[in-house]
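Hi there,

I am passing a structure over to you, with some notes on what turned up in it. Please open it alongside this email and follow along.

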Amino acid sequence: MSARVVIVGAGHAGISTALELREAGFTGPVVVLDQAGHDPYERPPLSKAWLAGAVSTGELAFRAREVYARRRIELRTGVRVDAIDRGSREVVTADGTRLPYDHLVLATGARPRALPVPGAGLAGVHRLHTLTDALALRAALDTARALAIVGGGFIGLEVAAAARKRGVPTTVVEAAPRLMRRVVSEPVSAFYHRLHEDAGCVVRTEAVVAELTGEDGHVTGVRLAGGATVPADMVVAGIGVTPETGLAGAAGLATGDGVLVDEALRTSDPAVFAVGDCARFPLGDAMERLESVQNAADQGRAVAAAVTGDARPYRDVPWFWTDQHGCKLQIAGIATGADEWAVVGSVQERRFTVLCWRRGALVAGESVNRPADHLALRRLIAAKASISPAAARADGFTLKDHARALAG
């Protein structure tokens, strides 16, 4: 194959795409462009093992530099792509260089949302997205007297767990009625709420931030809409991300909460794909945009298949995980809109799984410290296995048995 693939973005999705192209037998040039001036690294550990001190900075590297050379992947860091010329099939970099492509893959990721309140620019206000962010945040934790985290999602709660392990007084401020509302069921949300409180964290739900207060340019607290103030000399904002669609939109590609793609991850231009956090793709009856390592890796594999002539619909079962206070949560499927659930195992023993149904169909499962259940669920959901809530609540029910029966 003499075709050239250019990939914009060297995050997990972009690097996975490059590596999977070689695994799929693609022999043409593969060029990865990234505006960051350093080698690619893994971001999930930044709020987990790295922040807890269990993983060193050197261990974050996605691959050793020689791996890219050995697989003939041209990695160009410190290069910003400013435009896509779809007519000539070229990308234009900040210095005016025009680089031709036959297939273009947009892996531009997402950027953290800034707190939309007065005081968001004060010193002592942090986010966690890049290694630079993480280094500054970890250093600040060493001297913090009181930490306030705005946002009760995965990132915010992982930071809260690390802070409490260090003994830092911590308050989580969440606007929604419960923690992780967007991604987990009510039973799991309630479990992690108690878990954080048991670890000494103050959790305030239905708490809307009005402003960040400060003195001499440094944050001193979080004032809530009701008038109360949470004292804090350190604030971490974890209120989600916005997909990076500017490059795609300026090129006339269809966008809308992400770069819109079809089942093969092609954009409105068949020569251009999008993967990872920036891609919004068909999943079931809806268009979804998922922020996970699994999605990034699997979409990279799907694009490699399409480029090498083996295009197939991307329908991999999504899965996610988080580690908080020694309790690992693994999620298979999408629980959004679930109207019934059942708990298998023991919440008191911190080993249980919540099964989620939507209109009678098993759509997701959330396993706390039960990895075997998680693996079984991924197989069962992919096969659209029929398991009723009544069966799940019956004595002797196990997911392992159902997965084994599925295998025949």
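How much space lies in the second largest pocket? About 770 Å³. Please keep in mind that this is a predicted model, so every value here is computed from predicted coordinates.

**The pocket**

To find the second largest pocket on your screen, start from Leu283, Gly284, Arg358, Val363 and Lys384, which lie nearest its centre among the 26 residues of its lining. By class, that lining has 14 nonpolar, seven charged and five polar residues. Four elements each supply at least two residues of the lining: strands β20 (279-283), β21 (286-288) and β26 (361-368), and helix α8 (371-382). Of the elements, β26 gives the most, with three residues.

**The domains**

The domain assignment splits the chain into domain 1 (5-111 + 241-308), domain 2 (114-237) and domain 3 (326-406). The pocket lining takes at least three residues from domain 1 and at least three from domain 3. Taken over C-alpha atoms, the centres of domain 1 and domain 3 are separated by 32 Å.

**Helix α1**

Next, have a look at helix α1, which covers residues 12-23. With 12 residues at 1.5 Å a residue, α1 should span 16 Å, and its end C-alpha atoms are indeed 16 Å apart, so the two values agree. Is α1 largely enclosed or largely open? Of its 12 residues, 11 are buried, so α1 is largely enclosed by the rest of the structure. The buried residues run from His12, Ala13, Gly14, Ile15, Ser16 and Thr17 to Ala18, Leu19, Glu20, Leu21 and Arg22. What do they pack against? Their partners are the strands β1 (5-8), β2 (30-34), β3 (73-77) and β7 (103-106), together with the helices α2 (65-70) and α7 (293-307). After α1 comes Gly25, which has a positive phi, near 95°.

**Gln330**

One single residue to finish with: Gln330, found in strand β23 (residues 327-333). Is Gln330 buried or exposed? Its relative accessible area is 14%, and the cut-off for buried is under 20%, so Gln330 counts as buried. Leaving out residues up to four places away in sequence, Gln330 touches Phe320, Trp321, Gly365, Glu366, Ser367, Arg370, Pro371 and His374.

Happy browsing, and write back with any questions.

Best wishes

Terms used:
Residues numbered from 1 in each chain as written. Predicted model: local features only at pLDDT ≥ 70, side-chain atom pairs only at ≥ 80, totals over all residues. Heavy atoms only, no water. Expected span 1.5 Å × (residues − 1). Buried < 20%, exposed > 50% of the residue type's maximum accessible area, 1.4 Å probe, protein only. Contact = heavy atoms within 4.5 Å. 1 Å grid on protein atoms, 1.4 Å probe; cavity = no way out; pocket = protein on both sides within 12 Å on 5 of 7 lines; lining within 4 Å. Points joined across faces, edges and corners; volume = space filled by probe spheres on them. Nonpolar A, V, L, I, M, F, W, Y, C, P; charged D, E, K, R; others polar. Domains from an automatic or database assignment.
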